[in-house]
Amino acid sequence: MSRHSRLRIVVTGVLVAETPLHVGGFGESVETDMPLARDGRGNLYVPGTSLAGPLRSWCRERFAADDFREIWGFSEQDKGHAAHVIIEDATIKDSASILIEIRDGVGIDRNTGTAADQIKYDRAVLPRGTKLSFGMEVDVPVDLSTERTKAMFGHLLEALEAGRIKIGAARTRGLGRVKLVEGEVKIQTLDTPEGIIAMLRRGGTSETISSLLSHGDEVYLKACPRLDIEIAWKPTLPVMVKAGMEGIAVDTVPLVSGSGNSVAPVLPGASIKGVLRNQAERIIRTVLGRDAPNDSNSTQRFLAQIQLPLIDALFGTAGSEQRPDLGLGVLDVDDCYATQTTTREAWDAIVEARNDAELLEKLQVAHLGNWSKADQVAIDRWTGGAADGLLFSLLEPRRQKWEPIRLSLDLARLNKAERLPALALVFFLFRDLTDSLITFGFGRNRGMGAVAIDSIKLTGFDLDEL
C-alpha cells in the first residue's frame, strides 16, 4: 500500500557517549561474555534498532496515544501500519582505534556477603567520549498535523541534546547516556516538484530545534514525575573498585576508564547501585521482619533473595506473572569518575612496573604521587606469623577528588501507590549516606570505601503529579 506524506523531517548529528556504552552483538567472544555489536566488516557499530527502541519508548511515555501510534506505528489485531520514522545504523568514529574496556559484574549472596555461585559475568563497553553518527528521517502523513509533528520531534531532540535518553544495555547501572551534538534539522517538502528535486539532492529548508519547539502549543506533553539527584562527596579513606587484571609490582589496581587518551579511576554505576540496593534491602527486611532465603540451589536462592516489595520496582528485577510490569529499575545511577586523570601510556607503565622503586617512579611521572602501595597479609592463627602464600598488595588512590554521584528517579514508571514510599526509601538512603553508614567499592570491610557527603542537590520535574 502506498503511503502519502507531505513533508519529511531529516535530522543528522553526532551522539557522544557521556558514560560508557554497551550494545551487544551476535556471536561469542573468547575475551568477554557479552561482546559489542560489529558489522559485516568487523567494525564496531550501533544498529538503528538499538537507537529506535529508546527513542520510541521516550515518545510513548510523553505523547498522546493517537499521535504516537500514527508516527511510530502499531499492530492491533488486523489493523496497524509501519512507523513513519527511519533511523540509520550508527557508525562509530575511529572504530579501529577505540580501546574497548571490560566491565565485570557479580551477584552478591545476601547471607554470606560473598559472590553468589554462577552469578558472574563481564561485558565489553565502548569508553566515554565515543562518537556515533546519527541519522533520522520522519515522513509526516498527510492526515497528521505538520505543526504537531514538528513539536513532537522538537521535544525528542531537546531531550537528546540534554542527555536524558539512554541506549544499549545496563542503562540504569551507569551505561548508555548519550548526548546529541552538531544536530542539524532540514524540512523537505514532498508535494511540489521543487521540493522533490531538493530532497533528491539532500537539500531542504534548515530549521533549529528551538524553531521546532515553537510549535509546542500544538502537542500535549504528558507529565512525567522525575527527581534528578546530585551528591557532592569526598573519600575519607581510599575508595576504588578492583580492576579485573593484576599488576606486576602490585597485585590489585583500581579500575580505570576514560575518554580518548586519558583515563581516571571510576566507580561504575552498577557498583554504586548495588551498594544502595543492599542498604535498601536491609531497611525493607527490617520493616517486614523477613530474612533473606537460604535454601534451594545457589542460583534460585540468589534470585529469591533479591525479590522484595518496592525493591523490585525501584532497583529492577526480572518480570513475573504477578508483576509483568517489573523489569528495568526506576533508579538510574551514572558512572562516577575521579577528577584527576592521566594518560593511558602512563597508566600502562604503572601496571607493568616490575618493582616498588619503578612503581613509585611511574606514579610520579603520571602525577599520581598521592597514591601509595599497601601490603596486606593474612595471619596464621597458630604461629601468629604471616600465613604462607597469603601476602598481597594493592594500589590505593589516596587524597583523590571525585565528580558528584548522579542519580535519577523516574517516578512515572512506578504505580502511583508506590511513588511516595519509593521517595521515602530513597531519603532513608540519603540519611544513611550522610551518617557514613554506607561505603563504596573494594575492601569496604577492611578499612576502605568510607565517604563524607558535602551536599545533596535535588531537582524535581512534574512532582505535583505524585
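Analyst: Two helices count as roughly parallel under 35 degrees, roughly antiparallel over 145, roughly perpendicular from 65 to 115, and oblique for the rest. Keep that in mind as we look at this predicted model.

User: Why are α1 and α3 called oblique to each other?

Analyst: Helix α1 (residues 48–62) and helix α3 (residues 146–161) pack at about 120°, with axes 11 Å apart. The rest, outside the named ranges, counts as oblique, and therefore α1 and α3 are oblique to each other. Their crossing is right-handed.

User: Which residues of α1 and α3 meet?

Analyst: On the α1 side they are Leu55, Trp58 and Cys59, and they meet His155, Leu156, Ala159 and Leu160 of α3. Sorted by type, this contact has 6 nonpolar residues, 1 polar and no charged.

User: What makes β11 and β25 edge strands?

Analyst: The open sheet has 5 strands in the order β11-β19-β24-β14-β25, with mixed pairing. Both β11 (173–174) and β25 (451–461) pair on one side only, which makes them the edge strands.

User: How do you know that β11 and β19 pair?

Analyst: Pairing needs at least two bridges, and β11 and β19 (residues 331–334) have 2 bridges, in the parallel sense. Within this pair, Arg173 stands opposite Val333 in β19.

User: Which helices pack on the sheet or lie across its strands?

Analyst: Helix α6 (residues 269–288) packs on the sheet and touches β11, β19 and β24 (405–410), making about 135° with the direction of β19. Helix α11 (residues 416–434) lies across β14 (226–235), β24 and β25, at about 155° to β25.

Note on methods
Residues numbered from 1 in each chain as written. Predicted model: local features only at pLDDT ≥ 70, side-chain atom pairs only at ≥ 80, totals over all residues. Heavy atoms only, no water. Axes fitted to C-alpha atoms, helices over the stretch in contact; angles between N-to-C directions. Helix = DSSP H or I, 4+ residues; strand = E, 2+ residues; numbered from the N terminus. Left-handed = near helix turned anticlockwise from the far one by under 90°. Contact = heavy atoms within 4.5 Å. Nonpolar A, V, L, I, M, F, W, Y, C, P; charged D, E, K, R; others polar.
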